[in-house]
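Here are a few exercises to work through with the model open on your screen. Try each one before you peek at the solution.

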Amino acid sequence: MLVFRCDQELMKISINGEVKQFDSRNMTISALVVTLNLTGKRLAIEKNGEIVPRSQFSEEKLQDGDKLEIVGAVGGG
Amino acid sequence: MSEQLIIAGKPYHSRLLVGTGKYKDFTETRAAIDASGAQIVTVAIRRTNIGQTAGEPSLLEYLPPEKFTYLPNTAGCYSADDAVRTLRLARELLDGHNLVKLEVLGDPKTLYPNVIETIAAAKTLVKDGFDVMVYTSDDPIIAKQLEEIGCCAVMPLASLIGSGMGILNPWNLQIIIENAKIPVLVDAGVGCAGDAAIAMELGCDGVLMNTAIAAARDPIMMASAMKKAIEAGRESFLAGRMPKKLYSASPSSPTAGLITTA
């Protein structure tokens, strides 16, 4: 039997303007932070234009097409 | 000095605020800031590098937010919306920290502020509970309007950001200072310690600078010079200068008892 394994199990998420593909559906922001090697970094995240409070990272699910901004503090005047 | 700078109800003994950009590395950043004695340091909010940053040092490790008061800025924002969005992210990033530096630029070549967008952003941010220190032009009317909106400090430029051209219009700064009931800080354009002292002698409550320190040949020594200049300028202002006597000299030594007197 032919099984179509097309894009349905991959989700595309735009992170800081770059589109990245992830395998699993129902991925949370917490899981994404781990995947991106950003554990322990102080950052703020905006999903589709809305800030996601850090306290909600573990509950906030990601969906195909989500747009994320992940920011931190850098040197500046 | 016992008298302190009060910003949004909080006292600071240092009247020098410094940026954290343009240094060689974080070690130099920290050393310069320590030499400056500054308590409030500005930071920028930028996209985090994704994928290639594991183990990379961060500014926050060198400048612990428990030790310094962070002043997140909106450098690089050209619209009120972008500035507001940036500072909301900054507040989330810094655990609800409300003190921010608003700047909305109007032109990438001169980095001159767009005061119309600045006023729009200030209104939104004040309503949203932010304590807004606002970078603006040296226009006294705009400075007053920003105060009336509810900003906690107004920060007119001395000259263009990063130009080191010094104080180009002391007269306007003086009008702003005389009219203001909130702290006035010169932000941008200071090039050397003399400029900082002049700003303080004009009656400014403080000075915010970055490039003048970071781009000096010896940033750490310049940071120390700036600290002294700010203190000297403040004391000179408080002490009250002698009146200027144009075209009329007045000797400091007695005129009586000269051996040549007949």
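**Exercise 1.** How many residue pairs are in polar contact between chain A and chain B, counting pairs with both at pLDDT 80 or more?

*Solution.* Keep in mind that this is a predicted model. Counting across the two chains gives 16 residue pairs in polar contact. Next, look for salt bridges: there are four between chain A and chain B. Take Arg47(B), which pairs with Glu69(A); their closest N and O atoms sit 2.7 Å apart. That fits the salt-bridge cut-off of 4 Å.

**Exercise 2.** Work out what the chain A side of the interface is made of.

*Solution.* Start with the head count: 26 residues of chain A are in contact with 30 of chain B. Then the area: about 2,500 Å² gets buried between the chains, with 56% of it on carbon and sulfur atoms. On chain A, the biggest losers of area to chain B are Arg42(A), Ala73(A) and Gly77(A), which together make up 25% of what that side buries.

**Exercise 3.** Find the largest nonpolar core and its best-connected residues.

*Solution.* The largest nonpolar core has 69 residues. Leu102(B), Leu146(B) and Met209(B) have the most contacts inside it. Helix α3 of chain B (residues 80–93) supplies the largest share, seven residues. Now zoom in on Leu146(B): among the residues it touches are Ile119(B), Val134(B) and Val154(B). Finally, check for a separate core: a second one has 18 residues, including Ile15(A), Met27(A), Leu38(A) and Ile50(B).

Key
Residues are numbered from 1 along each chain as its sequence is written. Chains are lettered from A and ligands numbered from 1 in the order in which they are written. This is a predicted model: local features need pLDDT of at least 70, side-chain atom pairs count only at pLDDT 80 or more; totals for chains, interfaces and linings use all residues. Side-chain values use heavy atoms; hydrogens and water are left out. A nonpolar core is a set of buried Ala, Val, Leu, Ile, Met, Phe, Trp, Tyr and Cys residues joined through side-chain atoms within 4.5 Å. Buried means under 20% relative accessible area, exposed over 50%, partly exposed in between (1.4 Å probe, protein chains only). Helices (H or I, at least four residues) and strands (E, at least two) are DSSP runs, numbered from the N terminus. Contact means heavy atoms within 4.5 Å. Buried area is the accessible area (1.4 Å probe) that two parts lose on being put together, summed over both. A salt bridge is a side-chain nitrogen of Lys or Arg within 4 Å of a carboxyl oxygen of Asp or Glu. A polar contact is a pair of N or O atoms within 3.5 Å; within protein, one must be able to donate a hydrogen and the other to accept it, and residues adjacent in sequence count only if both atoms are side-chain atoms. Lists of a residue's contacts leave out its neighbours within four places in sequence.
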